[in-house]
Structures are given as C-alpha cells and as structure tokens.
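Reader: I'm new to this one. Could you walk me through it and tell me how each label was earned?

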Amino acid sequence: MISKIIKDGVLVGVDISEVMLSQAQRRNAAAIQEGRVKLILTAVENLPVFDHPFDKIYTINSIIFWEQPVERLKELRSWLKPNGRIAITLQPRSKGATDEMAHMEGEKLVQYLQEAGFNPIRLETKNMKPVSAVCAIGINA
C-alpha cells in the first residue's frame, strides 16, 4: 500500500522470511521494476550500508526477533534524517495474549526508543481482535 502512496524516493523493505519477501515482490512488481521499491532478504543485524538517510522507518511485529533491540534502534536512528520518524508496531500473538500485555509491550518499546536517543516519543494503541496493537513513534531530534 505504501508503494502506491510514495511519489518521490525509494521504499526499502527488509525481511528475514523468504516467504514474506516473495509475497512482497509479487505485490510490488511494478514498483520494483520502476525503481521505487527495493527488497532485501536479511536480518536487521545484517543491514547493508545505505546511500541516503531515511525520512521514515517502520517495523511491524519484527522487533521481537531482534538481538539487542536498543543497539539496533541506535543504528537505525543514525540512518534517519534529522526529525525523521521511526514507528515500531507490535500486536502480541501468543496464546492468551491480552490488551494489558499489548500495553506492557508498548511501554517496553517506548523505553527502547528512549534508550536509543529518540525524543519525543508517543505510544498509540489500536483496538483490534484478537488483541490490541501498539505503536511507539519516536523522532530523531
């Protein structure tokens, strides 16, 4: 959906799953061919060096797989333009997950962003089924 919104620049997608990458390639075939989307199969710990800083970075349900999330967030922060934004979204999917669990995870995300140097930071919650999703948003100030 985002590749249809962006008119300038390039959307870079990263995933550790070959299945997810394949789905993204299929869904974004035209944008990839036009050079508006670039997809990379790797873990966040092994990201390549990028030529230009990013305006925005977002991740959905991937931070749970990161080793040393604060260190990764510091690295991502270094790749953001001044006043660039990062949004980390998480929807707990474990058996018995609750909205309270989502809120606690959201508070942990806020703490990670604080430790990585983002400021200001806000936490948003979206009521969903089976459990709410949380999104911590930080600014590279």
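**How the labels are earned**

Author: Sure, starting with a charge and a ring: Arg-77 lies over the face of Phe-118, at 6.0 Å from the ring centre. Keep in mind that this is a predicted model.

Reader: What makes Phe-50 and Phe-54 an aromatic pair, and why is it called edge-to-face?

Author: Ring centres have to lie within 6.5 Å, and planes over 60 degrees apart count as edge-to-face. Phe-50 and Phe-54 are 5.0 Å centre to centre with 80° between the planes, an edge-to-face pair. The structure holds 2 aromatic pairs.

Reader: Why is the pair of Phe-50 and Trp-79 called edge-to-face?

Author: Their ring centres are 5.4 Å apart and the planes sit at 80°, so this pair is edge-to-face too. It links distant parts of the chain: Phe-50 is in the loop between strand 2 (37-41) and strand 3, while Trp-79 is in the loop between helix 4 and strand 4, 29 residues apart. Through these ring pairs, Phe-50, Phe-54 and Trp-79 become a cluster.

Reader: How do you know that Phe-54 counts as buried?

Author: Buried means under 20% relative accessible area. Phe-54 has 16% relative accessibility, so it counts as buried. Phe-50 and Trp-79 are both buried as well.

Reader: Which residues touch the most other members of the largest nonpolar core?

Author: That core has 24 residues, and those touching the most other members are Leu-73, Leu-76, Ile-86, Ile-88, Leu-109, Leu-113 and Phe-118. At least two residues of this core come from each of strand 3 (54-60), helix 4 (69-78), strand 4 (80-90), helix 5 (99-115) and strand 6 (133-139). In soluble globular proteins, nonpolar side chains tend to be buried together.

Reader: What does Ile-86 touch, leaving out residues up to four places away in sequence?

Author: Quite a list: Ile-57, Leu-73, Leu-76, Leu-80, Leu-113, Phe-118, Ala-136, Ile-137 and Gly-138.

Reader: Zooming out, what pattern does the protein follow along the sequence?

Author: There are 5 helices and 6 strands, and they run α-β-α-α-β-β-α-β-α-β-β.

Reader: Why is the protein called as compact as a globular protein of its length?

Author: Its radius of gyration is 15 Å, and the globule rule gives 14 Å for 141 residues; the two are close, so the protein is as compact as a globular protein of that length. Of its 141 residues, 35% count as buried.

Conventions. Residues are numbered from 1 along each chain as its sequence is written. This is a predicted model: local features need pLDDT of at least 70, side-chain atom pairs count only at pLDDT 80 or more; totals for chains, interfaces and linings use all residues. Side-chain values use heavy atoms; hydrogens and water are left out. A nonpolar core is a set of buried Ala, Val, Leu, Ile, Met, Phe, Trp, Tyr and Cys residues joined through side-chain atoms within 4.5 Å. Buried means under 20% relative accessible area, exposed over 50%, partly exposed in between (1.4 Å probe, protein chains only). Helices (H or I, at least four residues) and strands (E, at least two) are DSSP runs, numbered from the N terminus. Contact means heavy atoms within 4.5 Å. Rings of Phe, Tyr and Trp (its six-membered ring) pair if their centres lie within 6.5 Å; planes under 30 degrees apart count as stacked, over 60 as edge-to-face and the rest as tilted. A charge sits over a ring if NZ of Lys or CZ of Arg is within 6 Å of the ring centre and within 35 degrees of the ring normal. The radius of gyration is taken over C-alpha atoms; the globule rule is 2.2 Å times the number of residues to the power 0.38.
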